[in-house]
Amino acid sequence: MNKDPGTCPRCNEHEMMTPLEVNALSRTTRGEDDDPVWVCSDCGLDEALMDTFLDGATAQVHWPISARSFQTHITDIRMQTSNWNV
Ligand SMILES: [Zn+2]
């Protein structure tokens, strides 16, 4: 019934949402033969920014990460969008 989705495997910090598919699909598992791995939305955003501005997302062997590379930006984005009433 209510299966606990657990915490994000990337940051080990945020609770995952249910169903698992509403979380962010990790950029480390977008290859054709990869098993899908979901991460929390902050980590999904971090991976997207790393992919765009650095040399790609942190490999799963380095999970859980000690800190998000773009945490400052993510906090800014969250504050800006928290006022949106959609
Ligand atoms: Zn996370």
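Where along the chain does Asn-12 lie? Asn-12 sits in the segment before strand 1. The model is a predicted one. In it, Asn-12 has a positive phi of about 60°, although it is not a glycine. Asn-12 is partly exposed, because 13 other C-beta atoms lie within 10 Å.

The segment before strand 1 also holds Pro-19. A cis peptide bond joins Thr-18 and Pro-19, with omega about -5°. There is a further cis peptide bond between Trp-63 and Pro-64, with omega about -10°. Pro-64 belongs to the loop between helix 1 and helix 2.

Now step back to the whole chain. Its secondary structure comes to 2 helices and 2 strands. Along the sequence they follow the pattern β-β-α-α. The C-alpha atoms fill a box of roughly 40 × 35 × 25 Å along the principal axes. For 86 residues, a compact globule would have a radius of gyration near 12 Å; the chain has 13 Å, so it agrees with that expectation. Of the 86 residues, 20% count as buried. Take the contacts between residues at least 6 apart in sequence: 40% of them join residues at least 24 apart.

Which residues make up the largest nonpolar core? The 6 residues are Cys-8, Ala-24, Trp-38, Val-39, Cys-40 and Cys-43. In soluble globular proteins, nonpolar side chains tend to be buried together.

Val-39 is a good place to enter this core. Val-39 lies in strand 2. It is buried because 25 other C-beta atoms lie within 10 Å, and the cut-off for buried is 20 or more. Beyond its neighbours within four places in sequence, Val-39 is in contact with Cys-8, Pro-9, Arg-10, Asn-23, Ala-24, Ser-26 and Gly-44. Its C-alpha atom is separated by 8.3 Å from that of Cys-11, 28 residues apart along the chain. Next comes Cys-40. With neighbours within four places again set aside, its contacts are Cys-8, Cys-11, His-14, Met-16, Asn-23 and Ala-24.

Helix 1 follows, covering residues 41–53. At 1.5 Å a residue, its 13 residues should span 18 Å; the end C-alpha atoms are 18 Å apart, so the helix agrees with the expected span. Its buried residues are Asp-42, Cys-43, Gly-44, Asp-46 and Glu-47. They pack against strand 1 (24–25), strand 2 (38–39) and helix 2 (71–81).

Is Asp-42 buried or exposed? Asp-42 is buried, because 21 other C-beta atoms lie within 10 Å. Not counting residues up to four places away in sequence, Asp-42 touches His-14, Arg-68 and Ile-74. The C-alpha atoms of Asp-42 and Ser-26 are separated by 11 Å, and the two residues are 16 apart along the chain.

The contact with Ile-74 leads on to helix 2, where Ile-74 lies. Ile-74 is partly exposed: it has 18 other C-beta atoms within 10 Å, and 20 or more would be needed to count as buried. Residues up to four places away aside, Ile-74 touches Asp-42, Leu-45, Asp-46 and Arg-68. Arg-68 is thus listed with Ile-74 and with Asp-42. Asp-33 is 41 residues from Ile-74 along the chain, and their C-alpha atoms are separated by 30 Å.

Key
Residues are numbered from 1 along each chain as its sequence is written. This is a predicted model: local features need pLDDT of at least 70, side-chain atom pairs count only at pLDDT 80 or more; totals for chains, interfaces and linings use all residues. Helices (H or I, at least four residues) and strands (E, at least two) are DSSP runs, numbered from the N terminus. A residue is buried if 20 or more other C-beta atoms lie within 10 Å of its own, exposed if 12 or fewer, and partly exposed in between; C-beta atoms are placed from the backbone. Two residues are in contact if their C-beta atoms, placed from the backbone, lie within 7 Å. The radius of gyration is taken over C-alpha atoms; the globule rule is 2.2 Å times the number of residues to the power 0.38. The expected span of a helix is 1.5 Å times one less than its number of residues. A nonpolar core is a set of buried Ala, Val, Leu, Ile, Met, Phe, Trp, Tyr and Cys residues joined through C-beta atoms within 7 Å.
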